[in-house]
Amino acid sequence: MTKKSSTFALAVIVVLNLSLSTLLAQAAPSAKVHNKSTAPVARMQASHEKPCWEVAGISKSAIAERSRIEQETRSQVQSVCNDSSLNEQQKREKIREIRQQSHQQIDALISPQQQEALKACQKERAAARGGSAGHGAGGIHRGGGPCGEMTAPKPSEPERP
């Protein structure tokens, strides 16, 4: 073999080696892309937890009914709050009765043990997320009283323990 042909052969080998490594490098990222596309599915399956109501052994229909009762309770409380014919004490008494009835209806659907298990699960998950657990049928009262009024005792009334 002449020097010219051996140089040519060497050049061909170098070019083929470079081409082969370029092809392999290009093929590797496509495999990674394929793995990336399935990775979120695997993460979703691994991180998927049963809903707390299911963990507590409560049926989906019972949860739906509880939500309906809570919504109806909020609506009834709002109606009482908007009733200008009632004084503050009468409103409080009616609202107490509405909430008592709501609790009885929910207790008939979901046992106290299941309710406790549900609350515990929600509290645990909220703590894990760094948030706070949900609230019950009464909701959160921003103004202090059931109708948003402040419930501090009047100056002429003695404070109750």
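**View 1. A salt bridge joins Arg-125 and Glu-49.** In this predicted model, the side chains of these two residues meet with 3.8 Å from N to O. A salt bridge here is a side-chain nitrogen of Lys or Arg within 4 Å of a carboxyl oxygen of Asp or Glu. Arg-125 belongs to helix 5 (residues 112-129), while Glu-49 sits in the loop between helix 1 (3-47) and helix 2 (52-55), so the pair ties together parts that are 76 residues apart in sequence. Helices are DSSP runs of H or I with at least four residues, strands are runs of E with at least two, and both are numbered from the N terminus. Is each partner buried or exposed, or something in between? Arg-125 counts as buried at 17% relative accessibility, and Glu-49 counts as partly exposed at 49%. Buried means under 20% relative accessible area, exposed means over 50%, and partly exposed lies in between (1.4 Å probe, protein chains only). As general background, side chains of opposite charge can pair when their charged atoms come close.

A word on how to read these views: residues are numbered from 1 along each chain as its sequence is written, and side-chain values use heavy atoms, with hydrogens and water left out. Because this is a predicted model, local features need pLDDT of at least 70 and side-chain atom pairs count only at pLDDT 80 or more, while totals for chains, interfaces and linings use all residues.

**View 2. Two salt bridges each stay within one helix.** How many salt bridges does the rule give? The count comes to five, and two of them are shown here. In helix 3, the side chains of Arg-66 and Glu-70 meet at 3.8 Å, N to O. These two residues are four positions apart, about one turn of the helix, and both are buried. In helix 4, the side chains of Glu-93 and Arg-96 meet at 2.7 Å, N to O. Glu-93 and Arg-96 are three residues apart, again about one turn of the helix. Glu-93 is partly exposed at 32% relative accessibility, and Arg-96 is partly exposed at 44%.

**View 3. Helix 3 packs against helix 4.** Helix 3 covers residues 60-82 and helix 4 covers residues 88-109; their axes are 10 Å apart and make an angle of about 175°. The axes are lines fitted to C-alpha atoms, for helices over the stretch in contact, and angles run from 0 to 180 degrees between N-to-C directions. How do the two helices run relative to each other? They are roughly antiparallel, a label for angles over 145 degrees; under 35 counts as roughly parallel, 65 to 115 as roughly perpendicular, and the rest as oblique. Contact means heavy atoms within 4.5 Å. The helix 3 side of this contact includes Arg-66, Ile-69, Glu-70 and Val-80, and the helix 4 side includes Lys-91, Ile-95, Ile-98 and Leu-109. The contact residues divide into nine nonpolar, four polar and six charged. In this grouping, Ala, Val, Leu, Ile, Met, Phe, Trp, Tyr, Cys and Pro count as nonpolar, Asp, Glu, Lys and Arg as charged, and the others, Gly among them, as polar.

**View 4. Lys-91 and Arg-92 are found in helix 4.** Lys-91 is buried, with a relative accessible area of 17%. Which residues does Lys-91 touch, not counting those up to four places away in sequence? They are Val-80, Cys-81, Asp-83, Leu-86 and Cys-147. From C-alpha to C-alpha, Lys-91 and Val-80 are 6.1 Å apart in space and eleven residues apart in sequence. Arg-92 is partly exposed at 30% relative accessibility. Arg-92 and Pro-146 are 54 residues apart in sequence, and 7.2 Å separates them in space, C-alpha to C-alpha.

**View 5. Gln-115 in helix 5 and Ser-59 in a loop.** Gln-115 is buried, with a relative accessible area of 18%. Leaving aside neighbours within four places in sequence, Gln-115 is in contact with Ile-106, Asp-107 and Ile-110. The C-alpha atoms of Gln-115 and Trp-53 are separated by 8.8 Å, although the two are 62 residues apart along the chain. Ser-59, in the loop between helix 2 and helix 3, is partly exposed at 36%. The C-alpha atoms of Ser-59 and Ile-110 are separated by 8.9 Å, with their positions 51 residues apart along the chain.
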